[in-house]
Amino acid sequence: MHILISWVGNADLEGVANPDNPGPLTRIARHERYDEIHLLHNQRKNVVKPLRAAIESASGAITHVHPVQLASPIHFGDIYQALDGVLSQLSEKHTNPTITIQLTSGTSAMSAVSILVGKTKYAARFVQASREQGVQVEDIPFDIAADFLPTIAKRQDQKLEGLFAGLAPNTAAFDDIISQSPVMEALKQKAAILAQRDVPVLIYGETGTGKELFAKAIHNASARASQPMLVLNCGAIPKDLIDATLFGYVKGAFTGAAKDTSGYFGDADGGTLFLDEFGELPLDSQVRLLRVLQDGSYTPVGSTVAKSTDVRIIAATNKNLMDEVAAGRFREDLFYRVAIGVLHLPPLRERSGDLLLLTTSILDKIAEESDSANVVTGKGKEKEEAQNGKEKHKKLSVKARKLIQGHPWPGNVRELQATLLRATLWHTGDTLSDEDIRSALISTSSRQAGILDRDVSQGIDLNELCDDVVRHYVPLALEAAQGKKTKAAELLGLNNYQTLENKMRKLNLI
């Protein structure tokens with residue numbers, strides 16, 4: 001598979017109207033044979049369409065167009081993210097493709113990044129084209145990886161050397177995220193690496209999966225840790241107050257504006273702004289937010305003087321923003337501006353081995369907080385035990401553990417915390433039974449169902465989804481059958497109770 005990658009330059013667009021003096025891309029498409037040609041551009045779509053047709057006509061190759069968002073045509077970070085993203089997708093899609101990068105088109109920054117990426121990550125070949133010299137294959141006479149990277153690594157402090165080796169920094173901030181799930185450990189490593197890069201972060205996940213916990217950990221492990229991190233729930237702001245809340249206002253801007261107010265972007269200057277429920281922002285506010293992300297400037301309500309700010313954005317949502325973009329409810333340019341570092345937090349039901357680990361941790365914390373409260377209020381025996389360092393830790397019965405493992409936890413960690421707290425408040429003994437846990441659960445018409453609404457673009461595990469169905473219905477069938485496995489198996493359409501037992505054993509329900 002021979003693939004050509006190129007940025008689109010002005011000479012390429014102008015050459016479409018002048019077949020006698022075509023642009024570099026068209027010259028190369030005529031000169032060499034490619035199976036696929038991929039064009040990156042930050043132009044209007046209708047401008048690039050004629051060029052695509054001309055290249056397909058000249059080469060016969062399948063031509064793909066990749067519109068990207070750049071802060072400017074010489075923004076090295078945006079150029080790298082766009083080019084590396086396309087090359088990474090192609091490398092995954094094709095086995096050992098021959099990649100050629102065209103260097104003539106685009107800005108000098110695009111050419112420089114193309115050489116760096118092509119030499120270090122993808123072993124690409126390079127071509128250039130001009131009217132005077134025609135098409136030339138370029139041999140870049142140095143090996144960046146061998147010549148320069150070891151020297152760069154030597155100059156870095158220990159933290160950056162760890163990142164260079166692909167290791168996430170071991171920080172107290174991420175140790176607070178309790179997990180033994182391989183998926184979560186990989187996410188913690190990605191998040192720790194993102195903390196060292198001053199780029200926007202978008203965190204996906206169902207309610208209660210720990211999005212704010214990850215946001216705080218990223219901030220605390222970043223160079224902005226000494227500066228404020230402000231949290232704003234975008235879904236809780238009345239629509240007519242969003243601009244004033246985000247960007248502030250001047251005295252007299254509206255009724256009740258008694259003094260100048262800086263707003264969240266002003267207050268978070270130098271630090272981090274965590275925008276929760278990011279998908280709830282209305283379209284007109286998205287436009288103004290995009291401007292701040294592009295150049296760091298904003299104008300308070302009622303003012304004509306622009307202000308500047310240096311704020312890192314971490315956004316979180318439980319919505320699929322790509323679906324929102326397709327439905328016209330979210331701006332595509334804002335999505336790509338924020339979705340640089342993307343983390344997708346799995347629901348608790350998909351975090352293998354974490355459920356009982358979190359349960360133990362939550363019960364420990366409840367006991368510690370209860371002991372501290374007893375010391376403060378001075379309640380007789382409880383005060384004496386707490387002062388002697390004696391913790392009153394409620395334990396779980398075997399049936400209670402099975403019930404917790406079998407529950408789907410649609411509210412995830414937040415629901416687990418609330419349920420255990422209710423159970424400990426209502427039960428005075430040392431051991432929580434399955435009935436204690438069941439009575440502490442709040443029944444909802446949840447979308448456990450949501451099983452049919454999962455975001456396939458983020459990856460799903462069909463076996464895990466089937467296991468979720470079993471976890472949900474087996475306890476219900478046993479309850480309806482008053483604990484009789486033969487009857488429960490019949491209710492579930494299984495051949496016999498041994499089949500039911502095998503499924504329960506597999507999922508630790510027995």
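Me: What makes strand E5 (residues 125–130) and strand E6 (residues 134–138) a pair in this predicted model?
Reply: Five bridges join E5 to E6. Pairing needs at least two bridges, so the two strands qualify. They run antiparallel. One of the bridges matches Gln128 with Gln136 in E6.

Me: What joins E5 to E6 along the chain?
Reply: A hairpin, through three residues.

Me: How do you know that strand E7 (residues 201–204) pairs with E13?
Reply: Four bridges link E7 to E13. The threshold is at least two, so this is a pair. E7 and E13 run parallel. Tyr204 has His344 of E13 as its bridge partner.

Me: Which sheet holds E7 and E13, and in what order do its strands come?
Reply: The order is E8-E9-E12-E7-E13. Five strands form this open sheet, with parallel pairing.

Me: Why are strand E8 (229–233) and strand E13 (341–344) said to stand at the edges?
Reply: Each has a single partner strand, so one side of each is left without a neighbour in the sheet.

Me: By how many degrees are neighbouring strands of this sheet turned against each other?
Reply: By 15 degrees on average, direction ignored.

Me: Which helix lies across E7, strand E12 (312–317) and E13?
Reply: Helix H10 (residues 182–195) does. H10 runs at about 155 degrees to E13.

Me: Which residues touch the most other members of the largest nonpolar core?
Reply: Leu202, Phe265, Leu275 and Phe278. The core has 29 residues. Elements giving two or more residues to this core include E7, strand E9 (272–276), helix H14 (283–295) and E12. H14 gives the most, four residues.

Me: Which residues does Phe278 touch, not counting residues up to four places away in sequence?
Reply: Among them are Leu202, Cys234, Leu289, Ala315, Phe330, Leu334 and Val338.

Me: What lies apart from the largest core?
Reply: Another core, of 23 residues. Val68, Ala109, Met110 and Val113 are among its members.

Me: Why is Cys234 called buried?
Reply: Its relative accessibility is 2%. Buried means under 20%, so Cys234 counts as buried.

Me: Why is Cys466 called partly exposed?
Reply: Cys466 has 48% relative accessibility. Partly exposed runs between the 20% limit for buried and the 50% limit for exposed, so Cys466 falls in that class.

Me: How many disulfides does a search of the whole structure find?
Reply: Zero. A disulfide would need a pair of cysteine sulfur atoms within 2.5 Å.

Me: What makes helix H2 (residues 24–31) mostly covered?
Reply: Six of its eight residues are buried. They are Pro24, Leu25, Thr26, Arg27, Ile28 and Ala29.

Me: Why does Asp354 count as buried?
Reply: Asp354 has 0% relative accessibility. That is under 20%, so the label holds. Asp354 lies in helix H17 (residues 354–377).

Me: What makes the approach of the Asp354 side chain to Gln180 a polar contact?
Reply: The side chain reaches the backbone nitrogen of Gln180 at 2.7 Å. The limit is 3.5 Å, so this distance is within it.

Me: Where does the backbone nitrogen of Ser181 lie relative to the side chain of Asp354?
Reply: It lies 3.1 Å from a polar atom of that side chain. This is also within 3.5 Å, so the distance test is met.

Me: Which residues does Asp354 touch, leaving out those up to four places away in sequence?
Reply: Ser179, Gln180, Ser181 and Met184.

Notes
Residues are numbered from 1 along each chain as its sequence is written. This is a predicted model: local features need pLDDT of at least 70, side-chain atom pairs count only at pLDDT 80 or more; totals for chains, interfaces and linings use all residues. Side-chain values use heavy atoms; hydrogens and water are left out. Axes are lines fitted to C-alpha atoms, for helices over the stretch in contact, and angles run from 0 to 180 degrees between N-to-C directions. Contact means heavy atoms within 4.5 Å. A nonpolar core is a set of buried Ala, Val, Leu, Ile, Met, Phe, Trp, Tyr and Cys residues joined through side-chain atoms within 4.5 Å. Buried means under 20% relative accessible area, exposed over 50%, partly exposed in between (1.4 Å probe, protein chains only). A polar contact is a pair of N or O atoms within 3.5 Å; within protein, one must be able to donate a hydrogen and the other to accept it, and residues adjacent in sequence count only if both atoms are side-chain atoms.
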